[in-house]
Amino acid sequence: MASFNLTPSDPSTFILMGIPGLEAAQVLISIPFSMFYLIGLLGNFTILFVVGKEQTLHKPMYLLICMLALTDISISTSVMPKALCIFWFNLKDITVDGCLTQMFFFHAGMVMHSAILVTMAFDRYVAICDPLRYTIILTNARIAKLGLVGMIRAVLFILPGSLLLRRQPFCDNCIIPHTYCEYMAVAKMSCGDTTVNRMYDLVIVSVVFGLDLTLIGLSYGLIIRAVFRISSKKAHHKTLNTCTAHICVILTSYTPSLFSNLTHRYGLGIAPHVHIILSNLYFLIPTMLNPVIYGVKTKELRDRVVKYICRI
């Protein structure tokens, strides 16, 4: 068995192993991964194209859907090209700066994604609980400002973690058993004390998931209270139906993400290759499903997409 040198050094590259234990099956595994990625790109770019072309869709809700599409594209594209190079061409090397850059864009994208879901929940709250003031409270300009705030928050949350890792001394043979540079996977390659890095990561995850899920829960709690005040059952159904797409997106985004974070930190008896596969699916599945969910559940958007498809 090869012995690894655990003395501090200044390696110029890391090695991404892909899916350890399943090297022989990586080409087969790449088939669904690449399909999910391409379907996700096609769906999200379709939404961006249709909303961009249709003046009638230049509304706050559709601007938020476009923001979500952009973050889905950026998250998956920060990871999948390199992962597919590992699967297809065995190109496992990645520079330290390239690894940290990938890590920054991936995690910043995830934080931005969460911020957009919070804004969408607020959008649904205003649309249902204060519909007469909806166009006053949520203008296109205000949505753009909220998007900018979400982007700044993502940078402020993630950039310090990347800088902290850059200051760490890394050992020889920096082999990362993953398909991409995940924060804690890279931190484990350090020969120095990573207590601050681990605490920082835990705090950021707790704040993002804790705060954002609390705000989403509060919005939907107020929505449910407003719905129950409506006497008509038909109105109940119509009102809740406007939230269905957003609830589905929340479930597809947060559920696998929370599961992946828990298994990475606490193991939960799950084999490493299973965890790695799941950690890839947790951003590929939402990227692929989000355009489908909004395309099916949002009639105005669905009609415009069908119109353009029929022209082809």
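**Close-up 1. Met151 and its place in helix 5.** In this predicted model, Met151 belongs to helix 5, which covers residues 140-166. Is Met151 buried, partly exposed or exposed? Its relative accessibility is 48%, so Met151 counts as partly exposed; the exposed class needs over 50%. Met151 also has company: Leu148, Ile152, Val155, Leu156, Leu159 and Leu163 join Met151 in a nonpolar patch on the surface. Together, the residues of this patch have about 630 Å² of accessible area.

**Close-up 2. Aromatic rings in pairs.** How many aromatic pairs turn up in a search of the whole structure? There are 12. One of them joins Phe104 and Phe105 edge-to-face, with 5.3 Å centre to centre and 75° between the planes. Phe104 counts as buried because its relative accessibility is 16%, and buried means under 20%. Phe105, with a relative accessible area of 49%, is partly exposed. Elsewhere in the view list, Phe106, Tyr180, Tyr282 and Phe283 are linked into a cluster by ring pairs.

**Close-up 3. Arg311 over a ring.** Have a look at Tyr308: Arg311 lies over the face of its ring, 5.1 Å from the ring centre.

**Close-up 4. A three-stranded open sheet.** Here the strands run in the order 3-2-5, and their pairing is mixed. Which strands sit at the edges? Strand 3 (93-95) and strand 5 (175-176) do, as each pairs on one side only. Strand 2, made of residues 13-16, pairs with strand 3 in the antiparallel sense over three bridges. To spot this in the model, find Ile15, which stands opposite Asp93 in strand 3.

Conventions
Residues are numbered from 1 along each chain as its sequence is written. This is a predicted model: local features need pLDDT of at least 70, side-chain atom pairs count only at pLDDT 80 or more; totals for chains, interfaces and linings use all residues. Side-chain values use heavy atoms; hydrogens and water are left out. Patches are made of residues with over 30% relative accessible area and no salt bridge: like charges are joined within 9 Å, nonpolar side chains (Val, Leu, Ile, Met, Phe, Trp, Tyr) within 5 Å. Accessible areas come from the Shrake-Rupley method with a 1.4 Å probe; for residues, only the protein chains shown count as cover. A salt bridge is a side-chain nitrogen of Lys or Arg within 4 Å of a carboxyl oxygen of Asp or Glu. Helices (H or I, at least four residues) and strands (E, at least two) are DSSP runs, numbered from the N terminus. Buried means under 20% relative accessible area, exposed over 50%, partly exposed in between (1.4 Å probe, protein chains only). Rings of Phe, Tyr and Trp (its six-membered ring) pair if their centres lie within 6.5 Å; planes under 30 degrees apart count as stacked, over 60 as edge-to-face and the rest as tilted. A charge sits over a ring if NZ of Lys or CZ of Arg is within 6 Å of the ring centre and within 35 degrees of the ring normal. Two strands pair if DSSP finds at least two bridges between them.
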